[in-house]
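Here are my notes for you to read alongside the structure. Please keep the sequence and the model open, and find each residue as it is mentioned.

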Amino acid sequence: MLDFILRPIKRNFGQDKEYYRMIDDIFGFIPNNIELYKLALIHKSASIIIDGQAINNERLEFLGDAVIESVTSDYLFIEYPEYDEGRLTQLRSKIVSRQSLNGIAKKLGLDQCIICNSSVSTSQKHIFGDAFEAMMGAIYLDQGYNFVNRLLINNIYATALALDRVDEEETDFKSRLIEWGQKHHHLISFKTKGIGKGGSAGAHSFRSVVMIDNLEVGHGVGESKKEAEQAAAQSVANDMNDEFCARLLDKLDRLEASTPKKVS
């Protein structure tokens, strides 16, 4: 009854009416402490400095990350009783990955609400997924664990996440490529180096080149060495059909044939 009375008042009156309206439209409820949600939308590039301390959504992001992982673990444990620990862990990793959360944030429209510096390249960053995590942290503090549990499972995962498709998706492209190399007796290696400081400036931190028998076949960039190498492997793995493999192996054979042999 109280929510029925307060909803139109908070949505249409007061200095924070836009924030109340946004949360209600995206998540379907009226917050108690709107300041938490306002903070959840402030990317570190747009930090507010108070008494020398940068105020942004990173602490809420940290909390939200733990909340999402906990809720997702509960959900998968109940939903997939036939899955062993390894498969549950793999599926959870796919759901809570930055790529997955980025996609959920966009489907919800949260990407249109984030406050960030205009120099940040949103196409290359995970700020949408980070903001989604921060928002889940805010909801947890404001409404409690049971509320965010129901919201994530019944509303968000049900409408913004195709769980069957996620379960089938390949995410460990590096392992897939290494297994292919072992099968065909070719050496897979990665040359990875830092290329920038990262942070709010929008530059990636690492660039990786994937080599097959010292032949450069793909590259990728990321905010960590692991992410860059996965991106490099993905650039190759996405094209690894039979025709591609045949052309690549033929090229490697020609390269090996043209390499002068060492005389012992």
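**Notes on the fold**

1. A good place to begin is a single pair of residues: Arg207 has Val221 in E5 as its bridge partner. Please keep in mind throughout that this is a predicted model, and that the points below describe that model.

2. As for the overall content, the secondary structure of the protein comes to twelve helices and five strands. The protein has 264 residues, of which 41% count as buried. When contacts between residues at least 6 apart in sequence are considered, 55% of them join residues at least 24 apart.

3. The pair named at the start belongs to a sheet. Three strands make up this open sheet in the order E3-E4-E5, and their pairing is antiparallel. Strand E3 (188-194) and strand E5 (215-222) are its edge strands, since each of them pairs on one side only. From one strand to the next, the twist averages 20°.

4. The pairing can be followed on both sides of E4. Seven bridges hold E3 and E4 together in the antiparallel sense, and Thr192 can be found opposite Ser208 in E4. Strand E4 (residues 206-212) is also joined to E5 by seven bridges, again with the strands running antiparallel, and here Val209 stands opposite His219 in E5. Two helices cover this sheet in the sense that they pack on it: helix H10 (residues 173-184) touches E3 and E4, and its direction makes about 145° with that of E3. Helix H11 (residues 225-237) packs on the sheet as well, touching E3, E4 and E5, with a direction that makes about 135° with that of E5.

5. How many of the seven residues of E4 are buried? Five of them are, and the strand is accordingly described as mostly covered.

6. The turn between E4 and E5 deserves a careful look. These two strands form a hairpin with two residues between them, and Asp213 in the turn has a positive phi of about 50°. Asn214, which is placed in the loop between E4 and E5, also has a positive phi, near 65°, although this residue is not a glycine. For comparison, most residues other than glycine have a negative phi. Asn214 counts as exposed, at 63% relative accessibility.

7. Asp213 also takes part in a side-chain contact, because a polar contact of 2.4 Å joins its side chain to that of His186. The partner, His186, lies in the loop between H10 and E3, and with a relative accessible area of 15% this histidine is buried, the cut-off for that word being under 20%.

8. A positive phi is also found elsewhere in the model. Asp51, in the loop between strand E1 (48-50) and strand E2 (53-55), has a positive phi of about 55° although this residue is not a glycine. Asp51 is exposed, with a relative accessible area of 81%.

9. Helix H4 allows a simple check of geometry. At 1.5 Å a residue, the 22 residues of H4 (residues 58-79) should span 32 Å, and the end C-alpha atoms are 31 Å apart, which agrees. Which residues of H4 are buried? They are Leu60, Glu61, Gly64, Val67, Ile68, Val71, Thr72, Tyr75 and Leu76. Seen down the axis of H4, these buried residues fall within an arc of 155°, so they line one face of the helix. The spacing in such a list reflects a general rule: an α-helix has 3.6 residues a turn, so residues three or four places apart point the same way. On the other side of H4, Arg59, Phe62 and Phe77 are exposed.

10. Helix H5 (residues 85-95) can be read in the same manner. Its buried residues are Leu88, Leu91, Lys94 and Ile95, and they cover an arc of only 125° around the axis, which puts them on the same side of H5. At the start of this helix, a side-chain oxygen of Asp84 reaches to within 3.3 Å of the backbone nitrogen of Gly86.

Technical notes. Residues are numbered from 1 along each chain as its sequence is written. This is a predicted model: local features need pLDDT of at least 70, side-chain atom pairs count only at pLDDT 80 or more; totals for chains, interfaces and linings use all residues. Side-chain values use heavy atoms; hydrogens and water are left out. Helices (H or I, at least four residues) and strands (E, at least two) are DSSP runs, numbered from the N terminus. The expected span of a helix is 1.5 Å times one less than its number of residues. Buried means under 20% relative accessible area, exposed over 50%, partly exposed in between (1.4 Å probe, protein chains only). The arc is that of the directions from the helix axis to the C-beta atoms. Two strands pair if DSSP finds at least two bridges between them. Axes are lines fitted to C-alpha atoms, for helices over the stretch in contact, and angles run from 0 to 180 degrees between N-to-C directions. Contact means heavy atoms within 4.5 Å. A polar contact is a pair of N or O atoms within 3.5 Å; within protein, one must be able to donate a hydrogen and the other to accept it, and residues adjacent in sequence count only if both atoms are side-chain atoms.
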